[in-house]
Every structure is written in C-alpha cells, then in structure tokens.
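Dear colleague,

I am handing over the structure below, and after it you will find my notes on what turned up in it. Please read them with the sequence and the 3D view open beside you.

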Amino acid sequence: MSAASLKRLAVAVALLATTGIASAQDLLIRNATVHTASARGTLQAADVLVRNGRIAAVGSGLAAPGTSVLDAQGKPLTPALFGGVTDIGVEEVSGESATVDNTLALGANAADMQVRPEFDVTLAYNPESVLVPVARVEGIGWTLLSAGTRAGGSFIGGQGGAVRLDGSLDAIGPRTLFMTLGGEAASLSGSSRAAQWMLLDQLVDEVRGRIPADSRFALLTPAGRTTLARYFGGGGRVLVRIQRAADITRLLRWSKQRGVSIALLGAAEGWKVAPRLAAAGVPVFVDALGNLPNDFDEIGATLENAARLHAAGVRVSFSQAGDASHNARKIRQLAGNAVANGLPWEAALAGLTSVPASSFGVGNEVGSIAVGQRADLVLWSGDPLDVASVARQVWLDGRAIPMRSRQTELRDRYLRPGGDLPRAYPDAAR
C-alpha cells in the first residue's frame, strides 16, 4: 500500500472516531483482510456489517444503504484481543496498597491461612482506571481479572472474571476460580507442596459434608462451601497457576477424580506432558517469552512450549508472567514470539481471541468475527502479531473508541511546540 493510501486510511479512521459516527452502532467495513478467528479462517477483500452493536453479516459485496462505510483498503481486521490474565482495573499503582485490590489476606498477622473462595475480585473493578485506555488503544478489548494469592490468604485465591474494556462496570460470563499449586504456593501450605493435595482433599470433604461445618478443623465458611461445591462439581472453570511437569500430572489425576474443569496458567514444563493435557482437553495459558528458568519449578522452560503443546493438540493461549496489567500490549509480542518458535500463525491469533473466549465461557460474546457476536473489532496497520504494526481503530459494540490514553496525551503535551507545559518549565521551553 502506498504512503498516500495509508494517509487516506488514517484520515478516514480519524474522522470515524471524532465525528457523530463515533457513537453509532451501525457500520460497514469494506475491503478488509478479515481474520475471523473462527472456522471460516481468513477472508480476503471481505466486508463486515455491524447492526446495533452486533455483527450482522460477513462476506463480500455487502450492501447497507444509509450505513456509515469505512474502506479498510485491504488492511487486517481482527476481533478485539484478549489482554491475558491481569489486574487491569483492580490495580492502579502497584506500589500503593490502597490502589491494589487483587488479593485477600484475612489471616491473623497476615500469616494464618484463610481459605475464602467466595472472594470475588471483579467487585473491585474500576472501569475508569487509566490502565483501561492504555490497553485498549493497543487493540485489547477484554481481559480476565485475577484473584491472586498472598500471606494471610491461601493457595485458592478466590474468583475472577472477564471484563470488556468498554467502560462497563460488571464482568461478563461465568466466574473463574483461581488456584496456585507447586513451589510458588508452598509457603501457603506449610512449606510443602505435598500439603496442597492434603488440604485440597480436606476441602472436598467439607464440600461433600464429610467434615461438619462446625468442626474446629473446618476451613470454609458456608459461602465458601457453596462456592467450592460449584467448581468441584464441574460447574465452573478453575484456572491453576502451576509450572512443574510432575505437579501438572498430579493435577490432571486429581481433577479427573474430582470432576473439576481446569485450565493451566504458566505451565513452563507443560510441553513435557502435552499428550496428557490434550487428552484431558485442558487449555493452557503460557508466557511465550519464558526461556530460562525463574526457579526450580521451571527447569524445563523453553521458547518452543506453545508450539509443542499445539502440535500435541492442546488449545494454547497466552498470559504474561510479570507486570501484565501495565504492559498488556506485550500480549501480541508473546503470540508473535510463539510463531517465531514454531506455533502456526492462525493458532497464535486464536490464542489471543477464540481460545480464551471459549475457555472462560464468553465465546458467544467475544473472540471471533461471526454473525451474532459483539462487534468488538480492531483494524491494524499490518500483521497484528508484528510489534511494528499498530491498531488504527478499535470498535467495541460497533462504537469507534477514541484512540487516546494517558500515555498518548502525555506524548502530545510534551512534544507539541508551545504546548501546555507545567509552570516549572523555563520560558524558552514554554
């Protein structure tokens, strides 16, 4: 595409986001390379029609009289991307405890273990967090809020859920229970990972009524029993942060015996037991930048983890191991890195779209470009898995989202000649 064509596309997108069209829910995007993230695959020179915030049609030569039209000029169009497992909206400044709501610690002196699976981190979500537009302008449309673990809590962190970055207050879809097993959680289970299985079996006994609620050994509140009964009965997804192959194997046995639907987060050594994961139908969320071990649970870490898992038939998605909330944009780099190390491109895109959506029970709302889905879309300047590409425009429910964030506003403030600089700046700079 010529420089002139790119300029025309940029002007059209800018007009779309700054005129009355920005609040519209009806839109026809013409002549796009549509990566549907569905069984239809990638469609060349295709059109997407949006009606009332939902996708009404996907095809070629679509007509919609009276509807606003954008010519994509062949550029890639994808579903809005999954931002990974994050604390966006429940953590603002990680070093300021008053702005961090993602973990629970009720144990005495923040030391005694308190198991409270009924804790729901989504009730602290702030849709006005500055992290929301920072992620959104990078093509991120939704994320899974995480309930973390800490001293005074337990290796069962609580519940999280999927939130769309459209300004809505409430999570969508079912809740997900978060659990951490292995060396990372040993300090929460008597300094031994072996105790985790003992405690899990006790929790099952409590849920099944084999340990009375008034027993002095009971760990759960009545609300906690009700919550765990749902997940331990296969009625909800349990996302387990785990790394070591031996621990993963034990988890697969335990979940099958107890009828628990699991997904794995991290799984640095997941490739070692990939056939077992595939046979159990367990999706895995990997950090595709993980190469060298961070600890003894990750001795087998490799950049080929995602590719090896996929080759065995595992559904693969992505999530960052560190500072995922403030750097949600790096999720595309994870996917691209996985492609560079053997994962097929279409599988990597699915890992940012349809795989997480189906894994967390929101596949009927987001994660693909298909009739009936929410019109959560991104138009890209180039390959969306190439970090040199940028999001030209993001639509959520068919509404063009202003492509602004605190970062872009700071950039514009300090780069613009004669901009509104703080009073401390010398007059020459002002």
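Leu28 in strand β1 has Leu49 of strand β2 as its bridge partner, and this pair is a good place to begin looking at a model that, please keep in mind, is predicted. The two strands, β1 with residues 27-35 and β2 with residues 42-51, pair in the antiparallel sense over six bridges. Together β1 and β2 form a hairpin with six residues between them, and in that turn Ala37 has a positive phi of about 55°.

Leu49 also leads on to the next strand, since it stands opposite Ala57 in β3. Strand β3, which covers residues 54-59, runs antiparallel to β2 and is joined to it by five bridges. These two strands form a hairpin as well, with two residues between them. Asn52 lies in the loop between β2 and β3, and its phi is positive, near 55°, in a residue other than glycine. Is Asn52 buried or exposed? Asn52 counts as exposed, because its relative accessibility is 62%, and the cut-off for that word is over 50%.

Ala45, which lies in strand β2, has a positive phi of about 50° although it is not a glycine. With a relative accessibility of 46%, Ala45 counts as partly exposed.

Turning to the helices, α4 spans residues 222-232, and its buried residues are Gly224, Arg225, Thr227, Leu228, Tyr231 and Phe232. Why do they lie on the same side of α4? They do so because they cover an arc of only 165° around the axis. The face turned away from this buried side carries the exposed residues Pro222 and Thr226. Among the elements that cover the buried residues of α4 are the strands β8 (156-164), β9 and β10, together with the helices α3 (194-207) and α5 (245-258). After α4 comes Gly234, whose phi is positive, near 80°.

Helix α8, made of residues 331-340, has Ile331, Arg332, Leu334, Ala335, Gly336 and Ala338 as buried residues. Just after α8, Gly342 takes a positive phi, here of about 110°.

The last topic is the space in and around the protein. The largest pocket has a volume of about 810 Å³ and is lined by 44 residues, of which Glu184, Arg241, Gln320, Ala321 and Gly322 lie nearest its centre. Strands β6 (81-86), β9 (172-180), β10 (237-242) and β11 (261-266) each supply at least two residues of this lining. Sorted by class, the lining of the largest pocket has 15 nonpolar, 20 polar and nine charged residues. When you look at β9 and β10, you may like to recall that both strands are also among the elements covering the buried residues of α4.

How many cavities of 30 Å³ or more are there? The count comes to two, and the largest cavity holds about 40 Å³ of space. Its lining is formed by Leu104, Gln114, Arg116, Gly148, Thr149, Arg150, Gly153, Ser154, Ile156 and Gly157, which by class gives two nonpolar, six polar and two charged residues.

With best wishes for your reading of the structure

Note on methods
Residues are numbered from 1 along each chain as its sequence is written. This is a predicted model: local features need pLDDT of at least 70, side-chain atom pairs count only at pLDDT 80 or more; totals for chains, interfaces and linings use all residues. Side-chain values use heavy atoms; hydrogens and water are left out. On a 1 Å grid over the protein atoms alone, a cavity is a set of points where a 1.4 Å probe fits but cannot get out, and a pocket is an open set with protein on both sides within 12 Å along at least five of seven lines; lining residues have an atom within 4 Å of a point. Grid points are joined across faces, edges and corners, and a volume is the space filled by probe spheres set on the points. Ala, Val, Leu, Ile, Met, Phe, Trp, Tyr, Cys and Pro count as nonpolar, Asp, Glu, Lys and Arg as charged, and the others, Gly among them, as polar. Two strands pair if DSSP finds at least two bridges between them. Helices (H or I, at least four residues) and strands (E, at least two) are DSSP runs, numbered from the N terminus. Buried means under 20% relative accessible area, exposed over 50%, partly exposed in between (1.4 Å probe, protein chains only). The arc is that of the directions from the helix axis to the C-beta atoms. Contact means heavy atoms within 4.5 Å.
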